[in-house]
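Trainee: Please take a close look at the charged side chains here. Where do they sit, and what do they pair with?

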Amino acid sequence: MGDLHGAWSAAVTQATGRNSCMRHLLTDEQERRHKDFKAFVALNVEPFAGQWDREQRIPDAVIALLAKSGYLGCSLPPQYGGQGWDTVTFGLLNEALGRGSSALTGVLTVQAMVSMALLKWGSNEQKEKWLPPLARGEMIGAFAMTEPGAGSDIQSMATGFTSEGDHFILNGHKKWISCAQFAAVFLVFGKLDQRPVACLVPRDSPGLRVEPIDDLMGFRAAGLAEVHFNDVEVPSANLVGKPGFALSHVAPVGLHHGRISTACSAAGLLRGCFEDSVAHAAMRKIGDKSAGGIGMIRSLIARMGTDLEAGSLLCHNACHAEDEHFPEVFEKTLMAKYFTSRAAVQAASDAVQIRGASGCHGSSAVSRYYRDAKIMEIIEGTTQIHEDILGKIFVDQVGGGGK
Amino acid sequence: MNSAVQTTRSNVADEDPAGKGNEEGSRIPGLPRSPSGKSMRTEAEKEIRETVRDFILRSISITKLDDDDNLFESGIANSLFAVQLMTFIEKSYAIEVGMDDLDIENFRSLNATTAFVLKKNGWRNG
């Protein structure tokens, strides 16, 4: 068993070395932090991710550990209690966590969506009040946008705010909201006099009810829930941005950071598939040779390794563009998320195929990867929405029409 | 995102050792610094308008854009373009668009966006 474990470790180390395409692009500090993140995941995430998946719950202590490590506010400026890390480092953190648990990475995703939308569009008073507890991880935020009848077509959302003196009355119903089971505050999107608005709504508001959603295919521990608002009174001071700009300016900033997180998390899952497959191919004997000696297995691994390198570069490109504040960052992020989420689905399918029956059992990480990867093609904009937007961008850039 | 804007701002500040940061015209990268005056404002206005026009024509599917064409009501721009345009002017002119700037009048047209950039850089209406 000792030899077996040693050979397995050596194979994984070799496979991990394949992820070295990024090294010449990273600063020493970024590379050092990535190693720290990987060590954190190996110790605190990977051994337990399967259990969280089965129990459909992430223990509070794990969220507290993320908070203590500064990961939940890593992109926020130090003035609000954050780490002030650049986006490349944020991407590396999501990649490392994505290798261990997509569901846990989902906490970082939605925390970033709420925090960064608030950092950009919040008033000074709102930022002073809400960002420090979000940065310290004392408070988890959730991005309450999707409704039972409004997903990709978010313009048709029915949640409504009505103005009454110094507060709003909120009525509506949100669904598929990640982390809603344990979030302390919701950034709720709705309409006020037919104009889209976004408003911070504390979980303990009377009339707010959270209904957990169980039995998801993937992201089973990400705390998804429905959120019902029944005559919820919300202070007008909690309005983020101005009426009319919630879908044109507030949501795009949150979704953009969510896509960066998801793209990098999918790249981490892809790395997990690659490492597992290469190690298995090296270890598994079929007749008198290893599985890796079979051409059909090599074909699957060739595609996986190439997608891993391409996806890692696309993610770095997007994160770097964010750090440089390039206007093209939005399309670069769309491309990264579009590519890595699809590549993750393919890689997870191939990783299960390479393992055979053992890959179909819950004791194997690749069976979880297989279920989680599909979710990544849906959240923060489906693959088809990405194709529609990116196709339009590319056509428009050469003046070919497309309205 | 915010840190990048702050970096850009600090670069501009580095180029302005006299610390005249917010005086007329002094914060627009690429434009000559001079005492305030209508002719300089006109030059700055022209430079901004043409730079923004070029960005819009490169980004969306139109071949011609008049100064007062409505960018959003006409349907030629979508919500992704709204944040792209915002990021472009933040990056190009070392300004930060915040909650108080969320007014459709600031981005309605090429002329409106130009006036907004000038205002954020401390130029008076002229």
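Mentor: A residue is called buried under 20% relative accessible area, exposed over 50%, and partly exposed in between, using a 1.4 Å probe and protein chains only. This is a predicted model, in which local features need pLDDT of at least 70, side-chain atom pairs count only at pLDDT 80 or more, and totals for chains, interfaces and linings use all residues. Residues are numbered from 1 along each chain as its sequence is written, chains are lettered from A and ligands numbered from 1 in the order in which they are written, and side-chain values use heavy atoms, with hydrogens and water left out.

Start with the pairs. A salt bridge is a side-chain nitrogen of Lys or Arg within 4 Å of a carboxyl oxygen of Asp or Glu. Over all chains, the structure holds 27 of them.

One joins the side chains of A:R33 and A:E29, with 3.5 Å from N to O. These two are separated by about one helical turn, because they stand four residues apart in helix α2 of chain A. Helices are DSSP runs of H or I with at least four residues, strands are runs of E with at least two, and both are numbered from the N terminus. A:R33 has a relative accessible area of 18%, so it is buried. A:E29, at 43%, counts as partly exposed.

Another acid in that helix is A:E31, since α2 covers residues 28–44 of chain A. The relative accessible area of A:E31 is 21%, so it is partly exposed. From A:E31 to A:L92 is 61 residues in sequence, while their C-alpha atoms are 8.7 Å apart in space.

A second salt bridge joins the side chains of A:D53 and A:R371, at 2.7 Å from N to O. This pair links distant parts of the chain: A:D53 is in helix α3 (residues 49–55) of chain A and A:R371 in helix α11, 318 residues apart. A:D53 counts as buried because its relative accessibility is 9%. A:R371 has a relative accessible area of 23%, so it is partly exposed.

Next to A:R371 in the numbering comes A:D372, also placed in helix α11 (residues 365–376) of chain A. Which side chain of opposite charge is nearest to A:D372? It is A:R368, 4.4 Å away, and A:D372 is buried yet has no salt bridge. For charge, Lys and Arg count as positive and Asp and Glu as negative, while His and the chain ends are not counted. A contact means heavy atoms within 4.5 Å. Leaving aside neighbours within four places in sequence, A:D372 has contacts with A:S102, A:G218, A:F219 and A:L269.

Salt bridges can also join up: A:E46, A:E95, A:R99, A:R271 and A:E275 form a network of them. Chain B has a pair to look at as well. There B:E105 and B:R108 form a salt bridge, with 2.4 Å between the closest N and O atoms. B:E105 is partly exposed, because its relative accessibility is 44%, and B:R108 is partly exposed too, at 23%. Chain B as a whole comes to four helices and zero strands, and 50% of its 126 residues count as buried.

Now for acids that gather together. A:E164, A:D166, A:D231 and A:E233 make a patch of negative charge on the surface. Residues in such a patch have over 30% relative accessible area and no salt bridge; like charges are joined within 9 Å, and nonpolar side chains (Val, Leu, Ile, Met, Phe, Trp, Tyr) within 5 Å. The place of a charge is NZ of Lys, CZ of Arg, CG of Asp or CD of Glu, and accessible areas come from the Shrake-Rupley method with a 1.4 Å probe, with only the protein chains shown as cover for residues. Within the patch, A:D166 sits in the loop between β2 (160–164) and β3 (167–177) of chain A. Its relative accessible area is 61%, so A:D166 is exposed.

A:D231, also in the patch, lies in strand β7 (residues 225–235) of chain A. Its backbone deserves a check. Most residues other than glycine have a negative phi. A:D231 is not a glycine, yet its phi is positive, about 50°. A:E380 also has a positive phi, near 55°. A:E380 is in the loop between α11 and α12 (383–397) of chain A, and it counts as buried because its relative accessibility is 14%.
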